[in-house]
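Biologist: Before I trust any label, I'd like to hear the rule behind it. Can you put the structure up and take my questions?

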Amino acid sequence: MKVYLDDERNTPEGWTRVYWPDEAVSLLTSGAVVEISLDHDLGDDERGTGYDVILWIEEAVALRGFNPPIIFVHSANSSARQKMEAGIAAIRRMASA
């Protein structure tokens with residue numbers, strides 16, 4: 001399964017659309033996600049951002065041996081993108097160790 005987290009953009013063909021981090025995490029816990037693409041700004045920061053999904057994956061890899069999917073960031077928020085990419089790099093390092 002390919003998961004697309006975004007509040008505004010059109011969902012690419014072949015991807016499953018989710019609007020909130022908890023929905024993405026629910027699908028990730030199923031073990032069926034092979035790719036995930038994340039937006040950062042989802043319209044309600046109190047409900048979460050794409051970075052929250054990165055944090056969940058990072059913790060799951062570090063503490064539970066979670067096998068992460070391929071992770072993409074499609075956010076237009078440049079500072080958030082940098083933070084998310086740094087998290088992805090950390091996930092990759094831990095997953096390959």
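Modeller: Sure, here are the labels, each set against its cut-off.

Modeller: First the ground rules: this is a predicted model, where local features need pLDDT of at least 70, side-chain atom pairs count only at pLDDT 80 or more, and totals for chains, interfaces and linings use all residues. Residues are numbered from 1 along each chain as its sequence is written, and side-chain values use heavy atoms, with hydrogens and water left out.

Biologist: Why is Leu-27 called partly exposed?

Modeller: Its relative accessibility is 21%. Buried means under 20% relative accessible area, exposed over 50%, and partly exposed in between, using a 1.4 Å probe and protein chains only. So Leu-27 at 21% counts as partly exposed.

Biologist: And what does Leu-27 touch?

Modeller: Leu-27, which sits in helix α1, touches Met-1, Val-3, Thr-16, Val-18, Ala-32 and Val-33, leaving aside residues up to four places away in sequence. Contact here is heavy atoms within 4.5 Å. Its C-alpha is 8.1 Å from that of Val-3, 24 residues apart along the chain.

Biologist: What makes the largest nonpolar core a core?

Modeller: The term covers buried Ala, Val, Leu, Ile, Met, Phe, Trp, Tyr and Cys residues joined through side-chain atoms within 4.5 Å. The largest such set has 24 residues, and Leu-28, Ile-36, Leu-38, Val-53, Ile-54, Ile-57 and Ile-71 have the most contacts inside it. β1 (2-5), α1 (21-29), β3 (35-38), α2 (50-64), β4 (70-73) and α3 (78-96) each supply at least two residues; α2 gives the most, with seven. Those names are DSSP runs numbered from the N terminus: helices are H or I with at least four residues, strands E with at least two.

Biologist: How do you know that β1 and β2 pair?

Modeller: Two strands pair if DSSP finds at least two bridges between them. Three bridges join β1 to β2, running parallel, so the pair qualifies. One partnership puts Tyr-4 opposite Arg-17 in β2. β3 and β4 are also parallel, joined by four bridges, and Leu-38 has Val-73 in β4 as its bridge partner.

Biologist: Why are β2 and β4 called edges?

Modeller: The four strands make an open sheet, ordered β2-β1-β3-β4, with parallel pairing. β2 (16-18) and β4 each have a single partner strand, so one side of each lacks a neighbour in the sheet.

Biologist: What makes Tyr-4 and Trp-15 an edge-to-face pair?

Modeller: Rings of Phe, Tyr and Trp (its six-membered ring) pair if their centres lie within 6.5 Å; planes under 30 degrees apart are stacked, over 60 edge-to-face, the rest tilted. Tyr-4 and Trp-15 are 6.2 Å centre to centre with 75 degrees between the planes, so they pass as edge-to-face. Both are buried.

Biologist: What about Trp-56 and Phe-66?

Modeller: Also edge-to-face, at 5.2 Å and 75 degrees. Trp-56 lies in helix α2 and Phe-66 in the loop between α2 and β4, so the pair ties together parts 10 residues apart in sequence. Trp-56 and Phe-66 are buried, and Leu-28 touches both of them.

Biologist: How do you know that Lys-83 lies over the face of Tyr-51?

Modeller: The rule wants NZ of Lys or CZ of Arg within 6 Å of the ring centre and within 35 degrees of the ring normal. Lys-83 is at 4.4 Å from the ring centre of Tyr-51 and is listed as lying over its face, so the distance fits the rule.
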